[in-house]
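Trainee: Before I use any of these descriptive terms myself, could we go through them one at a time and set each value against its definition?

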Amino acid sequence: MSTNAEVTELKEKGNECVRAGNYAEAVLHYSHAIKLDSSSPQLYSNRSFAFLKLQQYYYALEDANESIRLDPTWAKGYFRRGEVEFATNLFGHALESYRRASQLQNDPTLLECVLKANRELTRQQKVDQQTPWVGAGIGLILGVLVVVGDAALAKESVLTHPVLQSLVTIVFSLLGLGLGYCYRAYVQNTRKSLLERPLDFMDMDDEGARNGVTKEQGNEKGQEGEERRHHHPRYNKAQARQRYKKGKS
């Protein structure tokens, strides 16, 4: 079977797995095809979609970017990147990717994606702006409740002076404002963390493979090193007598 025919067969197997919802298996087929033909933007685009369905956003974005690098004029590469960015709530980036795709291809679906990303970006920006002030409002309400509770429930009210009562409400309001800013920063960092590279425990094996050393060879060398460190060389009786004579001479 020729390489092109094998790549086509692997690609079709991956597509069948995607249609069946077997995305992990689809990744394997696409990866095998990419090893045979690493110049196909379609293969990277397909694998990006499978990774996206597996919520492996880092790898999905990597494949989308590789697809764009291989063919910067292909709209689907930008669409794939936009899909990953939209799924990770990076609506500003998604909007730019969708716009680039729609510029390259006149498609109503791409235009709808642009509008969808723009709506979500507007909503997200509004929520981000309001979050600290919602925290401040909650803090203000808690401060008022403390003042009212002190006046109504305490036998001897501590917060009797209006200035002190105002100070308590202001402090609670500022605390709420600060917590609101912290929460907004936490949410924004969480969005970015979805695209961070996951831990890869195979990096050492990959490094060895790049240096021409397989995992099995590395294990064998490791075992040989352990034996040299922890065991003395063994000799038969004739070799031992010969070494003993040399030692005496």
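Mentor: What follows takes up helix packing and then the largest pocket.

Mentor: This is a predicted model, in which local features need pLDDT of at least 70 and side-chain atom pairs count only at pLDDT 80 or more, while totals for chains, interfaces and linings use all residues. Residues are numbered from 1 along each chain as its sequence is written, and side-chain values use heavy atoms, with hydrogens and water left out.

Trainee: Why are α5 and α6 called roughly antiparallel to each other?

Mentor: Helix α5 (residues 75-87) and helix α6 (residues 91-104) pack at an angle of about 160 degrees, with their axes 8 Å apart. Axes are lines fitted to C-alpha atoms, for helices over the stretch in contact, and angles run from 0 to 180 degrees between N-to-C directions. Angles under 35 degrees count as roughly parallel, over 145 as roughly antiparallel, 65 to 115 as roughly perpendicular and the rest as oblique; α5 and α6 are therefore roughly antiparallel.

Trainee: Which residues make the contact of α5 with α6?

Mentor: Contact means heavy atoms within 4.5 Å, and on the α5 side the residues include Y78, F79 and F86, which meet residues of α6, among them F91, Y98 and L104.

Trainee: What makes α2 roughly antiparallel to α3?

Mentor: The axes of α2 and α3 come within 9 Å and cross at roughly 155 degrees, and that angle makes α2 roughly antiparallel to α3.

Trainee: What is the handedness with which α2 passes α3?

Mentor: The crossing of α2 and α3 is left-handed, a term used if the near helix is turned anticlockwise from the far one by less than a right angle, with right-handed if clockwise.

Trainee: What makes the largest pocket a pocket and not a cavity?

Mentor: On a 1 Å grid over the protein atoms alone, a cavity is a set of points where a 1.4 Å probe fits but cannot get out, whereas a pocket is an open set with protein on both sides within 12 Å along at least five of seven lines. The largest pocket has a volume of about 420 Å³, a volume being the space filled by probe spheres set on the points.

Trainee: Which helices supply the lining of the largest pocket?

Mentor: Lining residues have an atom within 4 Å of a point, and α2 (23-36), α3 (41-53) and α4 (57-70) each supply at least two of them, with α2 giving the most, five residues. Among the lining residues are V27, Y44, R47 and D63.

Terms used. Helices (H or I, at least four residues) and strands (E, at least two) are DSSP runs, numbered from the N terminus.
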